[in-house]
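Thanks for coming. Please have the structure up while I talk; I will go through some aromatic pairs, then the interface, then a few single residues.

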Protein chains: 2
Amino acid sequence: LQPHLVIIGGVAAGLAAAMEARRRAANLRITVLERTGDISYGACGIPYALSGLISDIEKLTVHSAWYFSERGIEIRVHCEVTAILPARSTVEFTESGQVHQLEYSHLVIATGASASCPPVPGHQEDGIFVLRNLQDARRANEFLNNRQPRKAAIIGAGYIGLEMAEALTARGIQVTLIDGGSVLMGSLEGALRDRVLDELRNHGVEVLLGERLTAFESVGDRVSRVITSGDRSIDADVVFVAIGAKPNSDLARDARLEIGARGGIITGPGQQTSVSNIFAAGDCCEVLHRVSGRRVWLPLGQPAVKQGWIAGANAALDRVIERYGGVVGTNAVKVFDLEIARTGLSVEDAIEAGFQPQTSEMSSPSRAAYFPGGSRILTRVIHDGRGKLLGAEMVGKEGVAQRINVFATALYSDVRTEDLGQTDLAYAPPFAPTVDPVLRAVFEVVRLESR
Amino acid sequence: LQPHLVIIGGVAAGLAAAMEARRRAANLRITVLERTGDISYGACGIPYALSGLISDIEKLTVHSAWYFSERGIEIRVHCEVTAILPARSTVEFTESGQVHQLEYSHLVIATGASASCPPVPGHQEDGIFVLRNLQDARRANEFLNNRQPRKAAIIGAGYIGLEMAEALTARGIQVTLIDGGSVLMGSLEGALRDRVLDELRNHGVEVLLGERLTAFESVGDRVSRVITSGDRSIDADVVFVAIGAKPNSDLARDARLEIGARGGIITGPGQQTSVSNIFAAGDCCEVLHRVSGRRVWLPLGQPAVKQGWIAGANAALDRVIERYGGVVGTNAVKVFDLEIARTGLSVEDAIEAGFQPQTSEMSSPSRAAYFPGGSRILTRVIHDGRGKLLGAEMVGKEGVAQRINVFATALYSDVRTEDLGQTDLAYAPPFAPTVDPVLRAVFEVVRLESR
């Protein structure tokens, strides 16, 4: 067999792998098999296409199949892989109802993640959506356009739930955001959570925390109400479910590749699976968390792309030349006029990882005090009280999504709080106060430590 | 003598020292002697007060003397220190023409920097300004209001020159920006410089690079023209000189404290001078550059405040308990709709420090490609080709002043390019593309290195 790289999945990680493999091996045969009809799209933009900010869902597509074809990468859409046969280095897939087989010298699994509605009573009624791929988005958009719902429930206050709260509000729909926990985005609590709750409520979003979804009620075949664990009944003629995502690892599991405790494929640092010529990348994988040293499942776009590059390079070169160092768990989201960002471990994660976390909260201005247009940034630093940074969370109207990257950089390379506090960060009146909010927050930590 | 901390200078570093000393020693007697009538002001805001964005120069004052008095810090304005007498632990100062002496147990010198016009023919004519303190700003503002100049020349394309170009343009004044070098902000060259030049010219600012100031011509006693080394004659009925700043170290020199090659006071890491109970902080000092390992003079607000804190703490506690780790030279400026930021060494600095620098330039979108409102960010990374980061420069319309802090954090703690490239930075469509411009630029460096 002539070397042949087969990639399962034609979105972020899969196409990153294809492009990087091409860069590394100009003549390598590369085939991408994609289950849906869509490739190369920015799934993270879906809320903005549904809000109307992006005028057309099709604009989320970055490159056409032609773009890849010109680079010698064959993309086959509507090809669903049904089995990986490692012993024969072959994948089996269906296309238009026909079963095909394709031999590979190297395989990259980039099957992503799925979302589905929990199987509570009524979960199959019309008007209940998950948002994972463009097809999900088209269906939801059609429903919103044709059925003109007036009240929406969103299940899950993670970043997709928060973005959808804004998106649906922008469409004039009354939103109730429901989450079984007491935090937002998985970990945001205290003053930072309250600031986000204020922002949501000031924009007319009702928020119910501590209420789990237990059932849907319907009128005809269309959803009409959400019932929660606290016996609340919320009118909703459309529902978005933003909980319950899981890695698409069934193909890998069936092929007896090693699967982790969180359901994701286990890979080595070169993104190799437990079978030497099979690599995996992106949301279908578990990943090392640098701060806890544990494997986590963290389905996010940027780690997916990086893992794709590494898998593609190593598969193309047939040796592990590139390695992925893991994640620190950086994430940002915009909600109305607020930016929310986090990185590292939450207090809960930190305790689970064996640390004794302390927290320090700080409110600082985003610009020089005299400069017009500034606002307060809330920063919460999670640390061990002895100089080790564990995580950080920030909420504010400007500069938050970029500022969290300072903490991320420090966390990735285990920079001590004292050194981070001494770093000279950019100052100019329009951008920051003389001492940046990041530094203020870190100084407070250093002061706590020196007590 | 009861412990008595005397501080010379009542702006950033001096007052930071006073406040930190108070925090560390509740009963310490603290006296601040300030030469001018102003204390606790944000000199960096002067261009914005002259532009009219900040409605009144007096708004640049952060705290009144009363604020400090309430905290047991005695502020004495219009007190000009004329001598430091280390042998007698005494400073001599004049107030209303009277000479006084004041004994100290510990002294902090925070005399800042001065700007003055080079002594070229005509430099004493009316209408020629430097901008260093509030009094300079008031005089300039009065001139602008009363004399209504129509054409301005700005000498020096550093950050103050750039900010003043915007400020005067906002007032409807035609601006010519003149600099003897070929770069902006001391090091910006190539595509990054050109983008800033385009921004300036698109806003009607004329820029003359490679032209040194040689003389002023006047009509009556008022400046009317600037003459340059290339024999150009530029009409200007007001001139702002933004070159020639130097540390105010004469008092320290006269007291035989150690002075560095760049004219600043030499301090140890605890901000102690060559006399054990005398500390110095801020723009009057030289400072360690972490990347070059050399002493530099870098008069900037944030290092000044940090050095002030450290000097104040150590002076108050009478031992070196806090240490300043040095700077990486981070700086940011807004010019019209552009953000410009830099950190670390320039190519020239790097060569001088014994490195063999390489550069890598990258243009990346500031947001997800499909997200409205994004623009290109130009990033230039300076590195040694073997994994060591030396510096970075960025120009763009958004997120630049914050993004440079990622490089600054990496530089301060000597994070390798490979590790920086692997760091997961925040991604969400409104804030960044999947792979942040910082990462894109660093990947390019890592690729160059692996060749």
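I start with Phe129(A) and Phe143(A), which are both buried; buried means under 20% relative accessible area, exposed over 50%, and partly exposed in between, with a 1.4 Å probe and protein chains only. Before going on, some ground rules: this is a predicted model, in which local features need pLDDT of at least 70, side-chain atom pairs count only at pLDDT 80 or more, and totals for chains, interfaces and linings use all residues. Residues are numbered from 1 along each chain as its sequence is written, chains are lettered from A and ligands numbered from 1 in the order in which they are written, and side-chain values use heavy atoms, with hydrogens and water left out.

Back to the rings. A search of the whole structure gives 10 aromatic pairs over all chains. The rule takes rings of Phe, Tyr and Trp (its six-membered ring) whose centres lie within 6.5 Å; planes under 30 degrees apart are stacked, over 60 edge-to-face, and the rest tilted. Phe129(A) and Phe143(A) make an edge-to-face pair, 5.2 Å centre to centre with 65° between the planes. Phe129(A) sits in strand β9 (residues 128-129) and Phe143(A) in helix α4 (residues 134-147) of chain A, 14 residues apart. Helices (H or I, at least four residues) and strands (E, at least two) are DSSP runs, numbered from the N terminus. With Phe240(A), these two form one aromatic cluster.

Which pair crosses between chains? That is Tyr48(A), in helix α2 (residues 46-51) of chain A, with Phe371(B), in the loop between β23 (358-365) and β24 (376-383) of chain B. The pair is edge-to-face, at 4.9 Å centre to centre and 80° between the planes. Tyr48(A) counts as buried because its relative accessibility is 4%, and Phe371(B) does so at 8%.

Now the interface. How many residues does each chain bring to the contact? Chain A brings 65 residues and chain B brings 65 residues, where contact means heavy atoms within 4.5 Å. The area buried between them is about 5,500 Å², and carbon and sulfur atoms give 63% of that. Buried area is the accessible area (1.4 Å probe) that two parts lose on being put together, summed over both.

There are 2 salt bridges between chain A and chain B, a salt bridge being a side-chain nitrogen of Lys or Arg within 4 Å of a carboxyl oxygen of Asp or Glu. One of them joins Arg447(B) and Glu20(A), at 2.8 Å from N to O. Several elements of chain A each supply at least two residues to the side touching chain B, including α1 (12-24), α8 (301-317) and α12 (437-450). The most comes from α10(A), with 10 residues.

Thr409(A) lies in that helix, α10 of chain A. Is this residue buried or exposed? Thr409(A) is buried, because its relative accessible area is 1%. Leaving aside neighbours within four places in sequence, Thr409(A) is in contact with residues of chain B, among them Val406(B), Thr409(B) and Leu420(B).

Last, the backbone. His78(A) is not a glycine, yet has a positive phi of about 55°; His78(A) lies in the loop between β3 (73-76) and β4 (79-85) of chain A. Asp318(A), also a residue other than glycine, has a positive phi near 60°. Asp318(A) is in the loop between α8 and β21 of chain A, and counts as exposed because its relative accessibility is 55%.
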